[in-house]
Amino acid sequence: MKKWSKEAGFTIIELMIAIGVFSVVLVLASASLITVGRQYQKASISTTTQNVARLLMEDVTSHTQLSSNAPLQGTPGNGQNGIPGGGDDVLVTCLGAVRFSYIVGWQLESSTNVSKHQSKHVLWKDVLNNQSNCVAPDLQQENPSLGTGSAGKELLSVHTRLLQFNIVTVLNNLVSIDVSVIYGDDDVLDNLSSFPSSIAGCLDEKSGGAFCSLSELHTTVIRRLN
């Protein structure tokens, strides 16, 4: 007859304690991963926003310095193709033949969604055939530069918005330039009550600010007069 040996094993209580300890470790590890993920996301968004603002400032500064004409605030567009009128008009600034057409506060997306303040184009740069024709184009077209002979290009990246774009002559050939770019959907923006003038920046991280970033740049340049 075979004789079975009596071996020690785990009791139900010991197994429950082990599972409980493992669960606590798993929860702590998950929380750490979520925190690291948020920090990475925040850093990535911040880098994207800063790069967009920097490249935009470099572009505008270069054209301002080389322009023989003072910055010209052109004729705005009035509520084109679903973009509300009033303070949300398409604005335009020309530096000689170079035209910058833009919408303040609207988010750049591949398709237009007015309820989410999204637009097909937000800051469009092109070159005019007639320098005196500084009038805002329709930024909801695939190519707002039709008829100008210029290819044109969008200066912002997807999910970003333009909060400030000021090119102002302060004295003779001295020009002040202010650029402000923000990344994020409506639900992560601070103080959206009276869009777009009230946007103050990003919400705190607990409220979704980890998915939002603001970059503001200012410089003063001297135009190289001919």
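Two people talk through the packing, surface and aromatic pairs of this predicted model.

Colleague: I'm new to this one, so which residues touch the most other members in the largest nonpolar core?

Modeller: That core has 23 residues, and L56, L123, L156, L162 and F165 are those that touch the most other members.

Colleague: And which helices or strands supply at least two residues of this core?

Modeller: Helix α1 (12-66) does, and so do the strands β3 (98-102), β8 (160-171) and β9 (174-183). The largest share comes from α1, which gives five residues to this core.

Colleague: Let's take L162, then; what is it in contact with, leaving aside neighbours within four places in sequence?

Modeller: L162 is in contact with L56, L123 and L156, and its list also takes in Y102, I103, V104, G105, W106, V122, S180 and V181.

Colleague: How many residues are in the other core?

Modeller: The other core, which lies apart from the largest one, has 17 residues, and among them are V92, W106, I182 and I199.

Colleague: Switching to T160: where does it lie, and is it buried or exposed?

Modeller: T160 lies in strand β8, and it counts as buried because its relative accessibility is 0%, where the cut-off for buried is under 20%.

Colleague: Which residues does T160 touch, not counting those up to four places away in sequence?

Modeller: T160 touches W106, Q107 and L108, and also V181, I182 and Y183.

Colleague: Now the outside; which residues make the nonpolar surface patch of about 390 Å²?

Modeller: That patch is made by I13, I17, V21 and V25, and one of these, I17, lies in helix α1.

Colleague: Why does I17 count as exposed?

Modeller: I17 counts as exposed because its relative accessibility is 54%, and the cut-off for exposed is over 50%.

Colleague: Last topic, the rings: how many aromatic pairs are there?

Modeller: The count comes to two aromatic pairs. In one of them, F100 and F165 are tilted, with 5.6 Å centre to centre and 50 degrees between the planes.

Colleague: Where do F100 and F165 sit along the chain?

Modeller: F100 is in strand β3 and F165 is in strand β8, 65 residues apart, so that the pair links distant parts of the chain.

Colleague: Are those two buried or exposed, and which residues form the aromatic cluster?

Modeller: Both F100 and F165 are buried, and together with Y102 they form one aromatic cluster. F165 also came up earlier, as one of the residues that touch the most other members of the largest nonpolar core.

Definitions and conventions:
Residues are numbered from 1 along each chain as its sequence is written. This is a predicted model: local features need pLDDT of at least 70, side-chain atom pairs count only at pLDDT 80 or more; totals for chains, interfaces and linings use all residues. Side-chain values use heavy atoms; hydrogens and water are left out. A nonpolar core is a set of buried Ala, Val, Leu, Ile, Met, Phe, Trp, Tyr and Cys residues joined through side-chain atoms within 4.5 Å. Buried means under 20% relative accessible area, exposed over 50%, partly exposed in between (1.4 Å probe, protein chains only). Helices (H or I, at least four residues) and strands (E, at least two) are DSSP runs, numbered from the N terminus. Contact means heavy atoms within 4.5 Å. Patches are made of residues with over 30% relative accessible area and no salt bridge: like charges are joined within 9 Å, nonpolar side chains (Val, Leu, Ile, Met, Phe, Trp, Tyr) within 5 Å. Accessible areas come from the Shrake-Rupley method with a 1.4 Å probe; for residues, only the protein chains shown count as cover. A salt bridge is a side-chain nitrogen of Lys or Arg within 4 Å of a carboxyl oxygen of Asp or Glu. Rings of Phe, Tyr and Trp (its six-membered ring) pair if their centres lie within 6.5 Å; planes under 30 degrees apart count as stacked, over 60 as edge-to-face and the rest as tilted.
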